Amino acid sequence: YWYELVGCRCLDRDGGELGGVEEVLEGGGGLLLRVKGTRGELLLPFVEAYLVEVDAPGRRIVWDLPEGFVDELAGGR
């Protein structure tokens, strides 16, 4: 269930800690996870192409995001 993702810790395979899932948003293009961490708020697409591991019971999601993706979302921070 999507509500189980709220509170999960998000990690990028290469870039480390992204933050924690604050909310799951449904839109016309699929699900977005609103992740809040040290880089601010990020809206990450919850799509198979970017996911390495989803461990809801373990409260952890690992992403394989394209290089520069997080920097672009964070406004270059």
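Two strands count as paired here if DSSP finds at least two bridges between them. With that in hand, the strand layout of this predicted model can be walked through starting from β1.

Strand β1 covers residues 9–12 and runs antiparallel to β2, with 4 bridges joining the two. Within that pairing, Cys10 sits across from Gly19 of β2. β1 also has β6 as a partner, this time in the parallel sense and again over 4 bridges. Here Asp12 is the residue to look at, as Trp63 in β6 stands opposite it.

Trp63 turns up again in the nonpolar interior. The largest nonpolar core holds 16 residues, and Leu18, Leu33, Ile61 and Trp63 are the ones with the most contacts inside it. Two or more residues apiece come from β2 (16–27), β3 (30–37), β4 (40–45) and β6 (60–63). The largest share belongs to β3, which puts in 3 residues.

Leu33 makes a handy viewpoint on these surroundings. Setting aside neighbours within four places in sequence, Leu33 touches Leu5, Val21, Glu23, Val24, Leu42, Leu43, Leu44, Phe46, Ile61 and Trp63. So two of the other core residues with the most contacts, Ile61 and Trp63, are among the contacts of Leu33.

One backbone oddity is worth a look on the way into β6. Arg59 lies in the loop between β5 (51–55) and β6, and its phi is near 60°, a positive value in a residue other than glycine. As for its surroundings, Arg59 is partly exposed, because its relative accessible area is 33%, which falls between the 20% and 50% limits.

Key. Residues are numbered from 1 along each chain as its sequence is written. This is a predicted model: local features need pLDDT of at least 70, side-chain atom pairs count only at pLDDT 80 or more; totals for chains, interfaces and linings use all residues. Side-chain values use heavy atoms; hydrogens and water are left out. A nonpolar core is a set of buried Ala, Val, Leu, Ile, Met, Phe, Trp, Tyr and Cys residues joined through side-chain atoms within 4.5 Å. Buried means under 20% relative accessible area, exposed over 50%, partly exposed in between (1.4 Å probe, protein chains only). Contact means heavy atoms within 4.5 Å.
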